[in-house]
Amino acid sequence: GEMKSMRKFSKNQWSKGPDSNKCSECIVNRVTKKPISFKKIPVVKYPKMSATASSPIIRLWGEISEKQMFIESIPPPTTREEAIFKATHQKILGEKLAEYELIIETQRLASAVREHTDLHPPNTDECPICVETKPIIS
């Protein structure tokens, strides 16, 4: 990711209402009629999919890449409605990325638990009543 630069806001930025809460740079650009340049959203790069990747991961990754290409194709917003439209799609992208990372982390955790169980099997004992092998909980 890239570090964002801090913007300085006008003195009473919150006293004028939500539409006039602009940073000093935006106010200057509005007065001089210069177009405001927006940086592109950085492309999210994850490791290549393995042959054992499950279908929800592949489906999610496809949705993420489609949403990312859609957001990149949107021109820089010039009105509040356009900014809200773009922000809505960025929020959806963020939610899909969080869901993807949650699935990956869940699989990693399950793998670590399986490995630990293989290395350190639980102590078991046969129950005299139901004749089943149950782990001993101390």
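P121 counts as exposed, since its relative accessibility comes to 57%, and anything over 50% falls in that class. This proline sits in the loop between helix 3 and strand 1 (124-126). Along the sequence P121 and P135 are 14 residues apart, while in space their C-alpha atoms lie 9.4 Å from each other. All of this comes from a predicted model, so the values here are computed ones.

Another loop residue worth a look is V131, found between strand 1 and strand 2 (133-135). Its phi angle is near 55°, a positive value in a residue that isn't glycine. Like P121, V131 is exposed, this time with a relative accessible area of 56%.

Next up is helix 2. With 19 residues at 1.5 Å each, helix 2 should span 27 Å, and its end C-alpha atoms are indeed 27 Å apart, so the two figures agree. Its buried residues are I57, L60, I64, K67, Q68 and I71. These cover an arc of only 105° around the axis, which puts them on the same side of the helix. The general rule behind such patterns is that an α-helix has 3.6 residues a turn, so residues three or four places apart point the same way. Turned away from the buried side is a face of helix 2 that carries the exposed residues S55, E66, M69 and S73. And what covers the buried residues? Helix 3 is part of the answer.

Helix 2 (55-73) and helix 3 (80-119) also come together in the largest nonpolar core, each giving two or more residues to it. This core has 7 members: I57, L60, I64, I71, L93, L97 and Y100. Helix 2 is the top contributor, with 4 residues.

Then there are the aromatic pairs, 2 of them in the structure. W61 and Y100 make a tilted pair, with ring centres 5.2 Å apart and 40° between the planes. This pair links distant parts of the chain, since W61 belongs to helix 2 and Y100 to helix 3, 39 residues apart. W61 is partly exposed at 22% relative accessibility, whereas Y100 is buried at 4%. The rings of F70 and F85 have centres 6.2 Å apart and planes at 75°, so this pair is edge-to-face. Here too distant parts of the chain are linked: F70 is in helix 2 and F85 in helix 3, 15 residues apart. Both rings belong to partly exposed residues, with relative accessibility at 35% for F70 and 41% for F85.

Conventions. Residues numbered from 1 in each chain as written. Predicted model: local features only at pLDDT ≥ 70, side-chain atom pairs only at ≥ 80, totals over all residues. Heavy atoms only, no water. Core = buried A, V, L, I, M, F, W, Y, C linked by side-chain atoms within 4.5 Å. Buried < 20%, exposed > 50% of the residue type's maximum accessible area, 1.4 Å probe, protein only. Expected span 1.5 Å × (residues − 1). Arc of directions from axis to C-beta. Contact = heavy atoms within 4.5 Å. Phe/Tyr/Trp six-rings, centres within 6.5 Å; stacked < 30°, edge-to-face > 60°.
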